[in-house]
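Biologist: I'm new to this one and would like to learn how to read it. Can you walk me through it, feature by feature?

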Amino acid sequence: MKLSKALRPLKGELRVPGDKSISHRAVMLGSLAEGTTEITHFLEGADCLSTIGCFRRMGIRIDKDPRRILVHGKGLHGLAEPSGILDCGNSGTTARLISGILAGQTFASELTGDASIQKRPMGRIIRPLRAMGASIESIAGNDCAPLRIEGRPLRAIHYNSPVASAQVKSCVLLAGLYADGSTSVTEPALSRNHTELMLRYFGGSVVSSGLTAAVQPEPRLRGGRIDVPGDISSAAYFLAAALLIPGSEVLLRHVGINPTRDGILRVIRSMGGQVDILDKTVSGGEPAADLLVRSCPLHGTVIEGDLIPTLIDELPVLAVLAAFAEGTTTIRNAEELRVKESDRLSILAESLSAMGADVTETEDGLIIRGGKPLRGAVIHSHLDHRIAMSFAVAALAAEGETEITEADCVKISYPNFFEDLNSLTR
Ligand code: S3P
């Protein structure tokens with residue numbers, strides 16, 4: 001994909017696709033609920049389609065038409081032994097969350113995914129699941145997928161998670177649905193809480209208090225309607241592009257603004273930018289709003305600590321913003337970026353440098369001395385959707401032409417990304 005500097009401001013409005021995290025959970029919890037769950041604005045990205053594929057293999061009927069998804073749930077104990085190996089594709093959320101569910105079943109299963117998934121750390125879920133009495137092993141013995149899980153009765157535990165990861169927290173809470181008492185997780189900083197909110201919405205008992213979430217076993221989950229808000233992680237690219245291209249004004253309709261996900265809005269504010277939050281609503285416990293953004297000169301900032309989990313997937317595009325902002329931006333405590341779909345810290349440092357930015361990679365972050373004019377370059381996406389989309393934004397603000405390799409990896413979370421971007425730059 002070749003892109004050039006934007007010749008005109010970005011103007012117009014857009015409804016970005018549904019939230020990826022919420023779409024996954026709607027299929028998973030819809031499958032474990034009794035009755036039908038109707039999901040509208042479901043994200044039809046490759047990751048969420050992997051989740052649908054896994055639950056279909058476990059006997060759940062899932063009907064899909066362009067307006068909605070219908071998940072015909074069979075209750076907490078209604079899954080069937082999968083007809084083959086469960087393929088999670090590129091999706092860490094699918095692999096880690098369904099492992100928690102599989103651990104408490106009465107059948108054995110195997111799951112795997114693409115080359116990236118087979119390198120991502122699964123020890124972080126293997127350890128707490130084993131503490132619950134689960135039988136789960138990495139077939140290659142390297143704490144990565146493929147995983148073999150033999151379902152069995154589970155013990156309730158309290159897990160002190162060493163990482164602020166919603167995937168780890170959700171895995172343990174989902175296993176807790178099948179445990180012999182209340183299962184709880186305490187994390188070092190609060191990660192996204194969509195599992196807790198949706199379990200409660202479906203009738204489960206989950207208590208959240210500070211950094212701890214506790215779930216009661218054997219709930220009777222009842223299917224319902226889920227209207228998935230737009231994904232703030234997808235909106236992030238248009239927020240950034242509109243801030244950077246002079247004269248831009250963009251309205252992003254119905255974007256999820258759950259406080260465990262809205263760190264990007266706080267960082268934009270701390271860089272001198274402004275996003276107006278209009279028409280707030282709440283659906284299924286998830287807050288959403290329209291976001292109005294206009295271009296504006298930005299300055300450097302510090303992104304660290306408890307803020308990191310609330311913007312973890314937006315750090316690539318925030319690094320791009322920082323490269324165009326005046327002054328220094330420091331990102332720290334972001335070592336989790338090294339174990340995402342790619343090692344995002346090293347790829348960001350390499351790619352921003354290729355465009356002429358002044359960047360230093362640290363063990364757990366980046367130091368970006370912004371404000372130097374950037375020029376187009378060849379950017380290797382490393383098949384990482386967020387790298388591809390972040391550098392599409394950089395391309396619009398840089399001089400000359402940028403080429404992004406294997407840019408169709410955007411299909412993981414945003415199949416129509418380039419069409420939507422074009423619709424605002426026309
Ligand atoms: C996700 C949690 C985050 C995030 C990922 C989606 C989720 O991962 O990066 O894109 O849906 O729970 P971690 O929990 O590993 O931080």
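Biologist: How much surface does the protein chain expose, and what share do carbon and sulfur atoms supply?

Modeller: Accessible areas come from the Shrake-Rupley method with a 1.4 Å probe, and for residues only the protein chains shown count as cover. Here the protein chain exposes about 15,300 Å², with carbon and sulfur atoms supplying 50% of that. Keep in mind that this is a predicted model: local features need pLDDT of at least 70, side-chain atom pairs count only at pLDDT 80 or more, and totals for chains, interfaces and linings use all residues. Residues are numbered from 1 along each chain as its sequence is written, and side-chain values use heavy atoms, with hydrogens and water left out.

Biologist: What percentage of the 426 residues count as buried?

Modeller: Buried means under 20% relative accessible area, exposed means over 50%, and partly exposed is in between (1.4 Å probe, protein chains only). In this chain, 63% of the 426 residues count as buried.

Biologist: How many helices and strands does the protein chain have?

Modeller: Helices (H or I, at least four residues) and strands (E, at least two) are DSSP runs, numbered from the N terminus. The protein chain has 12 helices and 23 strands. Its radius of gyration is 21 Å, close to the 22 Å that the globule rule gives for 426 residues, so the chain is as compact as a globular protein of that length. That radius is taken over C-alpha atoms, and the rule is 2.2 Å times the number of residues to the power 0.38.

Biologist: Now a sheet. In what order do the four strands of the open sheet come?

Modeller: Two strands pair if DSSP finds at least two bridges between them. The order is β18-β19-β21-β20, with mixed pairing. At the edges sit β18 (302-303) and β20 (358-362), each pairing on one side only. Inside the order, β19 (residues 327-331) and β21 (residues 365-370) pair in the antiparallel sense over five bridges. One bridge to look for takes Thr330 to its partner Ile367 in β21.

Biologist: Which side chains of strand β8 point to one face and are buried?

Modeller: In a regular strand the side chains alternate between the two faces of the sheet. Along β8 (residues 135-138), Ile136 and Ser138 point to one face and are buried, while Ser135 and Glu137 point to the other and are not. β8 runs antiparallel to β9 (residues 147-150), joined by four bridges, and Ile136 stands opposite Ile149 in β9.

Biologist: What does helix α10 pack against?

Modeller: Contact means heavy atoms within 4.5 Å. The buried residues of α10 (residues 344-354) include Leu345, Ile347, Leu348 and Leu352. Its buried residues pack against α9 (315-324), β20, β21, β22 (378-380) and α11 (385-397). After α10 comes Gly356, with a positive phi near 100°.

Biologist: Where does a cis peptide bond occur?

Modeller: Most residues other than glycine have a negative phi, and most peptide bonds are trans. A cis bond joins Ala145 and Pro146, with omega about 0°, and Pro146 lies in the loop between β8 and β9.

Biologist: And what is the phi of His41?

Modeller: His41 has a positive phi of about 55°, although it is not a glycine. Look for His41 in the loop between β3 (34-40) and α2 (46-57). His382 also has a positive phi, about 50°, and is found in the loop between β22 and α11. His382 is partly exposed, with a relative accessible area of 39%.
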